[in-house]
Amino acid sequence: MSAPSNLPVWQALQAHYAEVAQLHLRELFAADPDRFTRFSRYFGDLLVDFSKHRITDDTLPLLIELARQAQLPEWIDRAFNGEMINHTEQRSVLHIALRNRSNRPIQVKGQEVMPEVNAVLEHMRKFADQIRRGKWRGHTGKRIRDVVNIGIGGSDLGPKMVCQALEPFGDPTLRMHFVSNVDGAHISYVLAECDPESTLFIIASKTFTTQETMTNAHTARAWLVKELGDEAAVARHFVAVSTNAAGVSQFGIDTANMFEFWDWVGGRYSLWSAIGLPIVVYLGMDHFIELLDGAHAMDEHFRTAPLEENLPAILGLLGVWYIDFFGAASQVTLVYDDYLRSLPDYLQQLDMESNGKSIDRAGQAVKVNTGPILWGGLGNNGQHAFYQLLHQGTHLVPSDFLAPAHSPNPIGDHHAILLANALAQAEALMVGKTEAQARAELEKQGLSGEALEKLLPYKVFPGNRPSTSLFYRRLTPQVLGSLLAMYEHKVFVQGVVWNINSFDQWGVELGKQLANAILPELKGERPAGEHDASTLGLIAFCQAPD
């Protein structure tokens, strides 16, 4: 495919943007009482409302045509059929196989993958059952009470987010911990909370060589051996998610307790694989299967639904609309659900590592803007922090609001207040406050004359700030699975439109290479090499005596 800006529909979209750019959502809603009905979709217990977007009846058909001209249906087929769409690494992209609950045949290089997927799931089930039933005991015979997952990136963000999100479904006798940061403070405070006799460590590293993960793993190992006084204890307190059997065995882990995954599973898409072992231990396999069921349902929707009704396609195309035509550089995730507090971090990696690219599939510089800067946090807290910029700042920041209609913790008016704030903020971003409304409000407060005129400009809100509301009845494993798969496919849709590879991540390599060069210099094992003056000065500062 050529650059998206060369597609015939791109010029049509530019012309359409010129027509609608000055339209205000207030007027669009006033003119169309059925706007919510026409611009929202249901998926099981999930409601996706995109009526608060700066679109008309002509916008979506043009965006759908953009998807067709970018050959999105063909790319979907290629992905689901196991073709090597990650062309720079010569890999298939088959996280969808990990949750293929229909067991539809899927092949990679002529080999059926589902038997291996199902075998790993069964291995995870048996191990998790042993932990949860108290049959797996620590070296001194104590039952496991603390589970520490040591990983980084996709080996940390996904499992941590899911365990937090589905805490009401978790085993209350287990405490889950996630260590990722190589800063010694992280592993130190986690270990301080754990009893070595009843702690299980899950080391998640495909190669078993990831610097941050293995540094933390060896620190945990040393702590355990020191506390229990026996190297043999390692085999009862450590398991691995890896493909490096030799490295796992050398560490002291029985390879029978090694859980594998495959090179067609990208890190940021790996929570559905053996990387999800902490999820299975905490929630139990039945709830993990429900998570997979929800994701599979969204996979099938994405694979088979017409583009006009296809939720990931619609959301992905709306993102392109703002990034490339409105010039919106960032996207914010506003979570009105404390259980989803880690979702913004998870989505940052999913989106920015996937589509933070400036080279297209032909090896040429892209001619359009690609992935947004994605950020966010707990919505109610954000109202007292960064919402000022969303309402009255100079940047257009499309927003996603997420909230449950019903809370698992019905305490007083808490949930009603939470929902009222979510609904009000989305409405406020959309309608704003006109000068006439602000004037009337100030007059009602008793202001007049010069005092009113001076304050008036500060009380006006432009509104017309677009948002998507993703509401669900309750945050069940199935709903969460569908939600996460929807975001995954949304990112893929945008990558297809921009003609970039959403599944490699070469941009993370350079920093790692330079860190490996600097480390021995910083430790004084060799003189500082050829660096810029700033780096040399910082190395010298860090080496100075305390």
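**Exercise 1. Overall dimensions**

Compare the radius of gyration of the protein chain with that of a compact globule of 546 residues.

*Solution.* Start with the rule: 2.2 Å times the number of residues to the power 0.38, with the radius taken over C-alpha atoms. For 546 residues this puts a compact globule near 24 Å. The protein chain has 26 Å, which agrees. Next, take the extents: the C-alpha trace spans about 80 × 60 × 60 Å along its principal axes.

Before going on, note the conventions. This is a predicted model, in which local features need pLDDT of at least 70 and side-chain atom pairs count only at pLDDT 80 or more, while totals for chains, interfaces and linings use all residues. Residues are numbered from 1 along each chain as its sequence is written, and side-chain values use heavy atoms, with hydrogens and water left out.

**Exercise 2. Surface and contacts**

State what share of the residues is buried and what share of the contacts joins residues at least 24 apart.

*Solution.* Buried means under 20% relative accessible area, exposed over 50%, and partly exposed in between (1.4 Å probe, protein chains only). By that test, 53% of the 546 residues are buried. The accessible surface (Shrake-Rupley method, 1.4 Å probe) comes to about 23,700 Å². Carbon and sulfur atoms own 52% of it. Now the contacts, meaning heavy atoms within 4.5 Å. Of those between residues at least 6 apart in sequence, 74% join residues at least 24 apart.

**Exercise 3. Nonpolar cores**

Find the residues with the most contacts inside the largest nonpolar core, and the helix that gives the most to this core.

*Solution.* A nonpolar core is a set of buried Ala, Val, Leu, Ile, Met, Phe, Trp, Tyr and Cys residues joined through side-chain atoms within 4.5 Å. The largest has 123 residues. M124, V162, W264 and M486 have the most contacts inside it. Helix α22 (residues 477-498) gives the most to this core, with 13 residues. Apart from this core lies another, of 25 residues, M214, A240, V248 and M258 among them. Then look at M124. Leaving aside neighbours within four places in sequence, its contacts include F259, L277, V280 and F288.

**Exercise 4. The hairpin and its neighbour**

Trace the pairing of strand β2 on both sides.

*Solution.* The chain holds 24 helices and 13 strands. Helices (H or I, at least four residues) and strands (E, at least two) are DSSP runs, numbered from the N terminus. Two strands pair if DSSP finds at least two bridges between them. Strand β1 (residues 40-43) runs antiparallel to β2, joined by four bridges. F43 has L46 as its bridge partner in β2. Two residues lie between the strands of this hairpin, and G44 takes a positive phi near 60°. Strand β13 (residues 467-472) is also antiparallel to β2, again through four bridges. There, D49 stands opposite S469.

Finally, sort the side chains. In a regular strand the side chains alternate between the two faces of the sheet. From β2 (residues 46-49), L46 and V48 point one way, L47 and D49 the other, and all are buried.

**Exercise 5. Parallel strands**

Give the strand order of the five-stranded open sheet and identify its edges.

*Solution.* The order is β6-β5-β7-β8-β9, with parallel pairing. β6 (175-179) and β9 stand at the edges, each with a single partner strand, so one side of each has no neighbour in the sheet. Five bridges join β5 (residues 146-150) to β7. N149 has I202 as its bridge partner in β7.

Turn to β10 (residues 330-335). Six of its six residues are buried, so the rest of the structure largely encloses this strand. β10 pairs with β11 (residues 373-378) in the parallel sense over six bridges. L334 has G377 as its bridge partner there.

**Exercise 6. Two loop residues**

Classify S270 and T207 by accessibility, then list polar contacts of their side chains.

*Solution.* S270 lies in the loop between β9 (258-259) and α13 (277-283). S270 has 2% relative accessibility, so it counts as buried. A polar atom of its side chain lies 2.6 Å from the backbone oxygen of G267.

T207 lies in the loop between β7 (199-204) and α10 (211-228). At 41%, T207 counts as partly exposed. Its side chain makes a polar contact with the side chain of T209 (2.6 Å). A polar contact is a pair of N or O atoms within 3.5 Å; within protein, one must be able to donate a hydrogen and the other to accept it, and residues adjacent in sequence count only if both atoms are side-chain atoms.
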